[in-house]
Amino acid sequence: MNEDAFWQLNEDCRPTECDPDAELLAALSDDAFLCTCAAVVAAGRTEFDSVLQDPTAFTPYATDLIWAERLLYTPDRAYKRITGEEWDRDTRYP
């Protein structure tokens, strides 16, 4: 998959509303930064590029509990769907 295809797939799969469990997840998770970074990716290519160019654009994601934790599990689910097996790798998140 090339970069353009990735961003198009991301756009096609973007949720239409915020995760109702975001505050609960924020209170229980040690992965706040990782989940917040996933939210930037989920926001789309333009937003991702904006944050790369100006790190202060990341602030609303960190302060307003904008999360996309479910995005972190997508590679595992896709791998299992395609192969029928669990993805055996050294790290939890790619």
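**Figure 1. F6 and its partner W7 in the predicted model.** F6 comes out as partly exposed, because its relative accessibility is 34%. This is a predicted model, so take the geometry here and in the other panels in that spirit. Right next to F6 in the sequence view is W7, which counts as buried because its relative accessibility is 10%. The search turns up 5 aromatic pairs in total. In one of them, F6 and W7 sit edge-to-face, with 4.9 Å from centre to centre and 75° between the planes. The edge-to-face label follows because the planes are over 60 degrees apart. F48 joins in as well: F6, W7 and F48 form one aromatic cluster.

**Figure 2. Y79 and W87, a stacked pair.** Which way do the rings of Y79 and W87 pair up? Here F6 and W7 make a handy reference, being edge-to-face at 75° between the planes. Y79 and W87, on the other hand, are stacked, with 20° between the planes and 5.5 Å centre to centre. The stacked label applies because planes under 30 degrees apart count that way. As for solvent, Y79 is partly exposed at 31% relative accessibility, and W87 is partly exposed too, at 33%.

**Figure 3. The largest nonpolar core.** Which residues make up the largest nonpolar core? There are 11 residues in all: C35, A38, A39, V40, A42, V51, A57, F58, Y61, A68 and L72. Helix α3, covering residues 32-42, gives the most to this core, with 5 residues. As background, nonpolar side chains tend to be buried together in soluble globular proteins. A42 is a good residue to zoom in on. Once neighbours within four places in sequence are set aside, A42 is in contact with N10, R14, A68 and L71. One of those contacts, A68, is listed in the core along with A42.

**Figure 4. Two cysteines, no bond.** How many disulfides does the search find? The count is 0. C35 is in no disulfide, and the nearest cysteine sulfur, in C37, is 9.2 Å away. Seen from the other end, the sulfur of C37 has its closest cysteine sulfur in C35, and at 9.2 Å that is too far for a bond. The reasoning is short: a disulfide needs the two sulfur atoms within 2.5 Å, so this pair does not qualify. Is C35 buried or exposed? C35 is buried, with a relative accessible area of 0%. C37, by contrast, is partly exposed at 26% relative accessibility.

**Figure 5. R45 with E3 and D4.** A search of the whole structure gives 3 salt bridges, and this panel has R45 in two of them. E3 forms a salt bridge with R45, where the closest N and O atoms are 3.3 Å apart. Why does this pair matter for the fold of the chain as drawn? E3 lies in helix α1 (residues 3-13) and R45 in helix α4 (residues 45-53), so the pair ties together parts that are 42 residues apart in sequence. E3 is exposed at 52% relative accessibility, while R45 is partly exposed at 31%. D4 also forms a salt bridge with R45, with the closest N and O atoms 2.5 Å apart. This pair links distant parts of the chain too, D4 being in helix α1 and R45 in helix α4, 41 residues apart. Put together, E3, D4 and R45 are linked in a network of salt bridges.

**Figure 6. E86 and K80.** Side chains of opposite charge can pair when their charged atoms come close. E86 and K80 do this, forming a salt bridge with the closest N and O atoms 2.7 Å apart. E86 counts as exposed at 56% relative accessibility, and K80 as partly exposed at 41%.

**Figure 7. Pulling back to the chain.** What do the close-ups belong to in terms of elements? The chain has 6 helices and 0 strands, and the order from the N terminus is α-α-α-α-α-α. Of the 94 residues in the chain, 24% are buried. The accessible surface comes to about 7,000 Å², and carbon and sulfur atoms account for 55% of that. Taking contacts between residues at least 6 apart in sequence, 59% join residues at least 24 apart.

Key. Residues are numbered from 1 along each chain as its sequence is written. This is a predicted model: local features need pLDDT of at least 70, side-chain atom pairs count only at pLDDT 80 or more; totals for chains, interfaces and linings use all residues. Side-chain values use heavy atoms; hydrogens and water are left out. Rings of Phe, Tyr and Trp (its six-membered ring) pair if their centres lie within 6.5 Å; planes under 30 degrees apart count as stacked, over 60 as edge-to-face and the rest as tilted. Buried means under 20% relative accessible area, exposed over 50%, partly exposed in between (1.4 Å probe, protein chains only). A nonpolar core is a set of buried Ala, Val, Leu, Ile, Met, Phe, Trp, Tyr and Cys residues joined through side-chain atoms within 4.5 Å. Helices (H or I, at least four residues) and strands (E, at least two) are DSSP runs, numbered from the N terminus. Contact means heavy atoms within 4.5 Å. Accessible areas come from the Shrake-Rupley method with a 1.4 Å probe; for residues, only the protein chains shown count as cover. A salt bridge is a side-chain nitrogen of Lys or Arg within 4 Å of a carboxyl oxygen of Asp or Glu.
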